[in-house]
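Hello,

As promised, I am passing on the structure we talked about, with some notes on what turned up in it. Please have a look through it when you get a moment.

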Amino acid sequence: MRLPADYHMHTPLCRHAAGEPVEYAKHAVAIGLDEIGFSDHSPMRRDNFDNWRMNQGQLDEYVEKVRKAQKDFPQLTIRLALEVDYLSAHEDWIRELAARHPWDYFIGSVHYVSDSWAIDDPQKLSEWKHRDSFEVWSIYFERLTKAAESRLFEIIGHADLPKKFGHRPTRDCTPLYKKFLDAVKKSGCAIELNTAGLRKDCREIYPSREVLQLAFQKGVPITFGSDAHAPGEVGMNFAEAVQLARSVGFKESRHFTQRKHRPVKF
Ligand SMILES: [Zn+2]
Ligand SMILES: [Zn+2]
């Protein structure tokens, strides 16, 4: 079986990941991947926005670390990318970031459902106690739909992140999923199968089979990502992710070069 590219991994510059890009690349080669992409958490315009991303001044260092991995592992295709937080007020900033380096792709992710609450932050877990879970899922998907409509991204990251700690919606979210996927289809981007969910309380790939089935029906393309925050997590559970994708009907994933895509069979 040919494994699809792992397009989601981090570096220590984000302050909550371990291992240098060369170590991630080494592990990728060891498990038989032939393409990976670094997509560390992008800097914000304001460096003190939060404490889990690189500062603006570290962007060049990030690119250099990825370039070093490319040089040291010529047998592996290594893409240069970012995981960018989507906040509607930050669209100009995201365009500025896009112009700074020759990126292969941007993953657009929603972590913030308000200016101060990132739903996947374990330190903000108590916020869930004050909120109705369906309301949080609704806000999250409204923001995710806007991220897709913005056309700033090639890939939308971990599309049902609110389930991370096991908070499930109290009402049917199918209409929210459909609206989001229609926006993805219209804007021409892809969604990722992110295996990190298997390592979290939800014990499930992001997004769920239901979302993936709807995506397949609507002709939305996919990518794969481990969301590795350590070298040993590269390509983790990819066989399971490929099996899930195949069972829904997918036969190919999207690969990117310089923000242009092509389909690759898996
Ligand atoms: Zn992270
Ligand atoms: Zn993320």
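How far apart are the zinc ion (ligand 2) and the zinc ion (ligand 1)? They are 5.7 Å apart. Please keep in mind as you read that this is a predicted model.

Let me begin with the zinc ion (ligand 2). Its donors are E83 through OE, H111 through NE2 and H158 through NE2, at 2.0 to 2.3 Å. Along the sequence these donor residues follow the spacing E-x27-H-x46-H. E83 sits in strand 2, while H158 sits in the loop between strand 4 (155–156) and helix 5, so this pair ties together parts that are 75 residues apart in sequence. Both E83 and H158 are buried.

The zinc ion (ligand 1) is held by three histidines: H16, H41 and H229 coordinate it, each through NE2, at 2.0 to 2.1 Å. Here the spacing of the donor residues in sequence is H-x24-H-x187-H. H16 belongs to the segment before helix 1 (21–30) and H41 to strand 1 (residues 35–41), so the two tie together parts that are 25 residues apart in sequence. Are H16 and H41 buried or exposed? H16 is partly exposed, because its relative accessible area is 37% and partly exposed covers the range between 20% and 50%. H41 has a relative accessibility of 4%, so it counts as buried.

Next, the open spaces. The largest pocket holds about 500 Å³ of space. It is lined by 25 residues, and those closest to its centre are H16, D120, P122, K164 and H229. Two of these names will be familiar, since H16 and H229 are also donors to the zinc ion (ligand 1). By class, the lining of the largest pocket consists of 7 nonpolar, 9 polar and 9 charged residues.

The second largest pocket has about 230 Å³ of space. Of the 17 residues that line this pocket, G219, V220, P221, I222 and E252 are nearest its centre. Helix 5 (174–187), strand 7 (252–257) and strand 8 (260–265) each contribute at least two residues to the lining. The classes in this lining are 8 nonpolar, 4 polar and 5 charged residues.

There is also 1 cavity of 30 Å³ or more, with a volume of about 30 Å³. What lines the largest cavity? The residues are S42, P43, M44, V84, D85, H90, W93, I94 and L97. Strand 2 (77–85) and helix 3 (91–100) each supply at least two residues of this lining, and helix 3 gives the most, with 3 residues. In the lining of the largest cavity, 6 residues are nonpolar, 2 polar and 1 charged.

Finally, the chain as a whole. The protein chain has 7 helices and 8 strands, and its C-alpha trace spans about 50 × 45 × 30 Å along the principal axes. For 266 residues, a compact globule would have a radius of gyration near 18 Å, and the 17 Å of the protein chain agrees with that. Buried residues account for 57% of the 266 residues. Among contacts between residues at least 6 apart in sequence, 75% join residues at least 24 apart.

If you would like a place to start, try the zinc ions, which are 5.7 Å apart.

Best wishes

Terms used. Residues are numbered from 1 along each chain as its sequence is written. Chains are lettered from A and ligands numbered from 1 in the order in which they are written. This is a predicted model: local features need pLDDT of at least 70, side-chain atom pairs count only at pLDDT 80 or more; totals for chains, interfaces and linings use all residues. Side-chain values use heavy atoms; hydrogens and water are left out. On a 1 Å grid over the protein atoms alone, a cavity is a set of points where a 1.4 Å probe fits but cannot get out, and a pocket is an open set with protein on both sides within 12 Å along at least five of seven lines; lining residues have an atom within 4 Å of a point. Grid points are joined across faces, edges and corners, and a volume is the space filled by probe spheres set on the points. Ala, Val, Leu, Ile, Met, Phe, Trp, Tyr, Cys and Pro count as nonpolar, Asp, Glu, Lys and Arg as charged, and the others, Gly among them, as polar. Helices (H or I, at least four residues) and strands (E, at least two) are DSSP runs, numbered from the N terminus. Donors are N, O and S atoms within 2.8 Å of the metal (3.2 Å for Na, K and Ca); water is not among the atoms, so sites may look incomplete. Buried means under 20% relative accessible area, exposed over 50%, partly exposed in between (1.4 Å probe, protein chains only). The radius of gyration is taken over C-alpha atoms; the globule rule is 2.2 Å times the number of residues to the power 0.38. Contact means heavy atoms within 4.5 Å.
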